Amino acid sequence: MAAARVQLLLSGRPESVSFARSVCGLLGAGPGLGPWPIHCSLKRGRLVLSSRPFPGASARLPLQRPPFCPFAALDERPRVPGAELPTDRGVDLGVAIILQSGDKTVLLTRRARTLSVSPNLWVPPGGHVELEEELLDGGLRELWEECGLHLPQGQFSWVPLGLWESAYPPRLSWGLPKYHHIVLYLLVISQESQQQLQARIQPNPSEVSALMWLTPDVAAAVAATEDGTETPRLLPQDVPPSVLALELEEDGRARPLVLPMSTLLRMIPTMAEGKERVSTGTKFALRLWLQHLGRTPPPCKSAAHLDPGPAKEEWNMDPLPPNQGSGK
């Protein structure tokens with residue numbers, strides 16, 4: 001197995017995780033949706049997770065997976081002959097930047113339609129963490145590669161928000177998973193306003209086809225939609241019918257795009273299709289951002305039947321030690 005990026009502390013020492021196993025399940029996730037409190041060691045190019053405190057842990061963060069997580073389903077059913085998952089791969093590590101402007105909006109980007117993984121999804125800037133790369137540096141690198149945006153040192157602060165177990169394809173009805181990641185969401189708070197940040201953004205058209213800034217009210221409506229159900233939803237009365245975004249043209253220039261709110265509230269389909277929507281993990285990250293702002297997002301429709309997880313104050317929301325990321 002290649003060098004493990006995600007390891008679990010299960011028997012006193014870090015162990016690599018098989019590609020086919022659910023990380024949440026191995027850490028004792030219950031039947032609800034979580035989130036579950038996880039102790040983390042966030043080191044250069046590696047993430048060590050445990051359900052209990054351990055020496056070297058630098059944060060306690062919420063970990064969650066979608067209700068339709070394919071790895072959770074595979075843990076509960078016999079393997080189908082001829083449909084084996086890789087045995088020589090572990091779980092990869094990703095990082096995503098929830099970039100908050102000085103006037104409290106957050107940046108989302110729409111992945112290009114030509115991408116082979118998760119095309120047409122609205123997500124925060126992020127991607128794969130390179131070997132031996134500091135986690136914050138990896139997120140800032142992805143912000144630069146996707147959006148052409150560099151954040152000067154001393155003009156932003158940051159804090160780890162939470163962890164998401166991600167698979168692609170995201171549902172077994174779409175096919176067996178080809179990718180398995182634990183995504184670390186980092187909240188990066190800039191001192192610059194949305195207008196100042198937007199003036200310096202130069203999106204990479206091979207990765208990004210559009211971008212938008214969400215206010216807390218719109219983010220709360222998006223975060224309240226519940227993926228994994230097929231229940232139609234009406235637009236909340238206190239949110240606008242549309243939001244303004246910027247879409248890239250073929251020549252690389254950006255033009256205004258009026259995006260219907262119904263697009264942002266769209267839920268994941270049962271069968272694969274390229275419809276534009278906000279990813280399930282992004283909704284989880286938006287809920288964590290709203291909690292960080294001191295705002296409680298509206299509950300999902302079936303929230304009464306779910307495990308709400310620990311209260312916000314139980315999480316370790318402090319920034320990592322300075323040597324965990326240079327911010328360059």
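**View 1. E247 and R255 meet through their side chains.** In this predicted model, a polar contact of 2.4 Å links the side chain of E247 to that of R255. E247 sits in strand 13, which covers residues 242-248. Its side chain also reaches R110, in a polar contact of 2.7 Å. Is E247 buried or exposed? Its relative accessibility is 10%, so E247 counts as buried. Beyond its neighbours within four places in sequence, E247 is in contact with R110, R113, S209, A210, R253, A254, R255 and L257.

**View 2. S209 joins R110 through a polar contact.** S209 belongs to strand 12, residues 208-214. The side chains of S209 and R110 are joined by a polar contact of 2.7 Å. R110 also makes a side-chain polar contact with E247. S209 has a relative accessibility of 10%, so this residue counts as buried. Which residues does S209 contact, leaving aside its neighbours within four places in sequence? They are R110, R111, A112, R113, L246, E247 and L248. W122 lies 87 residues from S209 along the chain. The C-alpha atoms of S209 and W122 are separated by 9.8 Å.

**View 3. Helix 3 is largely enclosed by the rest of the structure.** Helix 3 runs over residues 135-147. Of its 13 residues, 11 are buried, so the rest of the structure largely encloses this helix. Among the buried ones are L135, L136, L140 and L143. Charged side chains are also on the buried list, including D137, R141, E142 and E146. C147 is buried too, with a relative accessible area of 0%. Does the length of helix 3 agree or disagree with what its 13 residues should span? At 1.5 Å a residue, helix 3 should span 18 Å, and its end C-alpha atoms are 18 Å apart, which agrees. Just after the helix comes G148, with a positive phi of about 65°.

**View 4. The largest nonpolar core has 41 residues.** L49, L99, L151 and L163 have the most contacts inside this core. Helix 3 gives the most to the core, with 5 residues. Apart from this core lies another, of 35 residues, with V106, V159, V183 and L288 among them. Now take L99 by itself. Leaving aside its neighbours within four places in sequence, L99 is in contact with ten residues listed here: T105, V106, L107, L143, L149, L151, V188, S190, L197 and W213.

**View 5. Strand 10 pairs with strand 5 and strand 11.** Strand 10 spans residues 156-168. How many of its 13 residues are buried? The count is 11, so strand 10 is largely enclosed by the rest of the structure. Strand 5, residues 59-64, pairs with strand 10 in the parallel sense over 2 bridges. Here Q64 has W164 of strand 10 as its bridge partner. Strand 11, residues 179-190, pairs with strand 10 in the antiparallel sense over 12 bridges. There S157 has I189 of strand 11 as its bridge partner.

**View 6. C69 and C24 form no disulfide.** The structure holds 0 disulfides. Why is there no bond between C69 and C24? The cysteine sulfur closest to that of C69 is in C24, 6.7 Å away, which is too far for a bond. A disulfide needs the two sulfur atoms within 2.5 Å. C69 has a relative accessibility of 2%, so this cysteine counts as buried.

Conventions. Residues numbered from 1 in each chain as written. Predicted model: local features only at pLDDT ≥ 70, side-chain atom pairs only at ≥ 80, totals over all residues. Heavy atoms only, no water. Helix = DSSP H or I, 4+ residues; strand = E, 2+ residues; numbered from the N terminus. Expected span 1.5 Å × (residues − 1). Buried < 20%, exposed > 50% of the residue type's maximum accessible area, 1.4 Å probe, protein only. Contact = heavy atoms within 4.5 Å. Polar contact = N/O pair within 3.5 Å; in protein donor to acceptor, adjacent residues only side chain to side chain. Pairing = 2+ DSSP bridges. Core = buried A, V, L, I, M, F, W, Y, C linked by side-chain atoms within 4.5 Å.
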